[in-house]
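Work through the exercises below with the structure open beside the text. Each one sets a task and then solves it step by step.

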Amino acid sequence: MEPVIRVSKLINHFGAQRVHDGLDLEVLHGEVLGIVGGSGTGKSVLLRSILGLHKPQSGEIEVLGQRIGRKHTGLEKQWGVLFQNGALLSALTVCQNVELPIALHSNMSAAIRRELAELKIQMAGLQPDTYDKYPAELSGGMRKRAALARALALEPKILFLDEPTAGLDPIAATEFDELTAYLHSSLDLTIVMITHDLDTLFTVCDRVAVLVDGKAVVGPLQEVRESSHPWIHRYFSDPRAHRIEHMERNRGRTH
Amino acid sequence: MAWYSLTVRHSGRTPLQSSRNAWSGAADGVHVSPYFEYQRESDTLIISLKDDWTFGNAKELDDALRTVQGNGARQITFQCGGLQKIDLAGAWVLFRKSQEFEAEGRDTQFLGFKAAHFKFLQNITDIRDSAVAVQSAEPVVLTEPGRLNQILEAVGRTATAGIEDVGRIAHAILSGITHPSRLALDETIRQIEHTGARAVPIVMLIAFFMGIILAYQGANQLAEFGAEILVADLVTVSMLREMGVLLAGIMAAGRSGSAFAASIGVMKLNEEIDALRVMGLNPNHVLIAPRVVALVISLPLLAVLGMMAGMVGGLTVSVLALDISAVQYVERTVASASIQDFLVGLVKAPVFALLIAGVGTLRGIQVSGSAEQLGRLTTTAVVQAVFLVILADAIFTVVFSRLGI
């Protein structure tokens with residue numbers, strides 16, 4: 001199967017610090033890929049490079065067969081991005097935020113646009129009373145859900161999540177994981193997420209990409225955690241990882 | 001492939017009651033449109049869907065469905081076996097129509113959904129039912145105290161980076177003006193309100209006071225020559241040539257220069273600029289150019305109002321304190337005011353506006369990383385804008401006097 005995202009020989013450095021040193025990564029159609037790595041290993045830079053927000057020093061990135069460069073037209077209709085703190089436009093209400101991409105990329109009537117936006121907001125798990133609120137009036141978790149609704153507004157093929165559960169309490173984080181899994185199973189989505197949350201990694205992700213030494217170690221979770229690389233070994237042998245895995249086994253979930 | 005049929009009963013949320021009654025077309029004929037066919041069989045209206053029901057053609061689907069009317073049919077059947085693709089947007093348009101039929105008291109039925117398609121329609125019904133259940137607990141944010149403050153301030157920009165940014169602003173303005181859009185237009189109008197309309201009272205007030213100051217100071221000097229009446233000339237000429245536009249410019253630098261830097265800086269910190277980019281919007285077109293254009297439009301208008309308010313200030317002092325009658329003052333004003341002086345003043349306004357808006361948006365864009373930097377760059381924007389306005393005014397004055405204008 002054709003990968004939906006292909007990153008090859010990516011090199012990014014800031015001054016003397018080499019963040020990516022010939023990084024290769026392929027994201028397959030329909031999978032949920034979790035990107036993990038210590039701080040400073042360039043998770044965000046990788047995401048920003050894929051989205052065309054950061055120009056890498058060298059290397060090639062293709063998304064849905066299109067090369068990311070100065071002009072990658074039409075991709076914005078096929079991907080949705082949930083930024084870490086939502087990045088909702090503060091001058092617009094929740095509903096207007098979700099309507100914005102719809103208005104930009106279609107000519108549907110205002111009534112349908114509004115209804116479709118409301119539908120996506122409901123899908124993201126928010127109540128109707130949030131439609132006309134401004135982002136500043138929402139809690140962090142609600143803002144993330146509203147931003148998720150915006151990311152889903154155009155029926156994207158690929159959904160990017162930047163630390164979706166960061167800053168949420170454990171209950172809200174679990175709910176968000178369930179929402180992600182639900183969306184993945186009910187919409188035809190490929191999901192790429194940066195996460196620090198082992199819980200998310202174990203429950204939602206099909207494969208993981210661990211960024212170490214400027215490269216990515218990619219594979220199913222079970223495979224990657226067997227890696228002998230010291231950082232990967234330490235990351236997955238953390239007591240918390242064992243605890244979560246144990247819980248997962250008891251819950252009888254297969255991932 | 002599994003096949004499903006389901007009957008959807010709605011609780012008539014918003015009855016989109018239709019009073020249309022003409023059954024257009026032959027009673028039992030087949031009506032064809034690109035996305036569906038429909039025909040009447042006794043009291044059942046059968047709508048057979050085909051092709052793609054997706055986001056991309058939602059508008060066409062809706063327009064086409066609008067032409068379909070129940071007209072007497074008791075039962076509406078949506079025959080979905082012929083669908084190629086359907087997504088949430090397409091399903092919504094369909095669901096909406098079925099709701100409309102339900103509100104008119106007809107039964108609607110969906111037949112022949114393929115498993116994959118069925119999922120989407122089920123999604124909609126699911127969501128409408130479970131909206132309350134999903135949102136069970138109010139998410140609480142664990143804030144990371146002082147995280148922003150801990151981030152070290154970014155290394156100061158080098159001179160070359162500064163020049164690059166000036167080039168970026170120039171490019172932003174030019175490309176923004178050449179790529180007008182509905183969104184950019186809305187933002188421009190909003191900014192004209194913020195930078196122009198809302199600044200009117202304060203600009204007129206300070207210009208009025210400046211008129212009072214000029215008249216008093218002038219009168220003291222002119223009284224020595226017994227030429228107090230020339231106060232009117234003094235106020236008029238200085239207001240038209242210098243003070244009106246300068247006061248408006250300084251006020252705009254304080255109000256709008258800082259607002260531009262702060263608003264764009266916050267959007268940068270909040271990743272809103274990145275969000276715009278990934279949605280296919282160019283921040284240059286929708287944020288920077290509208291602000292620059294708005295100020296270029298509103299500053300000349302503010303300058304004209306300032307000139308007038310200043311002259312009224314002079315009149316007030318003359319009448320109340322200098323024994324000059326209003327008629328005399330107005331006569332002198334009319335005699336001394338010239339179109340040339342007015343234009344000399346007015347021509348500076350767009351230049352001031354470009355400087356203020358340029359430096360404001362530039363400092364906003366330079367914000368990266370920390371809230372402290374945002375505050376610092378906002379201050380920088382105001383200081384530099386005021387400095388540039390006065391510097392430019394000095395250059396104008398020298399050039400105009402050399403040219404003898």
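Two strands count as paired if DSSP finds at least two bridges between them. The model used here is predicted.

**Exercise 1. Find the strands that pair with strand 1 of chain A, and describe each pairing.**

Step 1. Take strand 4 (residues 58-63) of chain A: five bridges join this strand to strand 1, and the two run antiparallel. Within strand 4, Ser58(A) is the bridge partner of Ile11(A), and Glu62(A) stands opposite Arg6(A).

Step 2. Take strand 2 (residues 17-28) of chain A: nine bridges join it to strand 1 (residues 3-14), again in an antiparallel arrangement. Here Val27(A) of strand 2 stands opposite Ile5(A).

Step 3. Look at the link between strand 1 and strand 2 of chain A: they form a hairpin with two residues between them. Gly15(A), in the turn, has a positive phi of about 65°.

Step 4. Put the pairs together: chain A has an open sheet of four strands in the order 2-1-4-5, with antiparallel pairing. Strand 2 and strand 5 (66-67) are the edge strands, each pairing on one side only.

Step 5. Add the helix: helix 1 (residues 43-50) of chain A lies across strand 1, strand 2 and strand 4, and runs at about 125° to strand 1.

**Exercise 2. Determine which strands stand at the edges of the six-stranded sheet of chain A, and why one side of each is left without a neighbour.**

Step 1. Write down the order: this open sheet reads 6-7-8-3-9-10, with mixed pairing.

Step 2. Read off the ends: strand 6 (79-82) and strand 10 (215-220) of chain A each have a single partner strand, so one side of each has no neighbour in the sheet.

Step 3. Note the turn between neighbouring strands of this sheet, which averages 15° with direction ignored.

Step 4. Check one inner pair: strand 3 (residues 32-37) and strand 8 (residues 190-194) of chain A run parallel and are joined by four bridges. In this pair, Val32(A) has Ile191(A) of strand 8 as its bridge partner.

**Exercise 3. Compare the radius of gyration of chain A with that of a compact globule.**

Step 1. For 255 residues, a compact globule would have a radius of gyration near 18 Å.

Step 2. Chain A has 18 Å, which agrees. Its C-alpha atoms fill a box of roughly 55 × 45 × 35 Å along the principal axes.

**Exercise 4. Describe how helix 10 and helix 11 of chain B pack.**

Step 1. Helix 10 (residues 283-321) and helix 11 (residues 326-336) of chain B pack at an angle of about 140°, with their axes 9 Å apart. The crossing is right-handed.

Step 2. Helix 10 of chain B contributes Met311(B), Leu315(B), Ser318(B) and Val319(B) to the contact, while helix 11 of chain B contributes Ala326(B), Tyr329(B) and Thr333(B).

Step 3. Sorted by class, the contact between these helices has five nonpolar, two polar and no charged residues.

**Exercise 5. Work out which helices of chain B help form the side that touches chain A.**

Step 1. Across the interface, 33 residues of chain B are in contact with 38 residues of chain A.

Step 2. On the chain B side, helix 1 (58-66), helix 2 (88-103), helix 3 (115-134) and helix 9 (272-278) each supply at least two residues. Helix 3 of chain B gives the largest share, six residues.

Step 3. By class, this side of chain B divides into 19 nonpolar, four polar and 10 charged residues.

Definitions and conventions. Residues numbered from 1 in each chain as written. Chains lettered and ligands numbered in written order. Predicted model: local features only at pLDDT ≥ 70, side-chain atom pairs only at ≥ 80, totals over all residues. Contact = placed C-beta atoms within 7 Å. Nonpolar A, V, L, I, M, F, W, Y, C, P; charged D, E, K, R; others polar. Axes fitted to C-alpha atoms, helices over the stretch in contact; angles between N-to-C directions. Left-handed = near helix turned anticlockwise from the far one by under 90°. Rg over C-alpha atoms; globule rule 2.2 N^0.38 Å.
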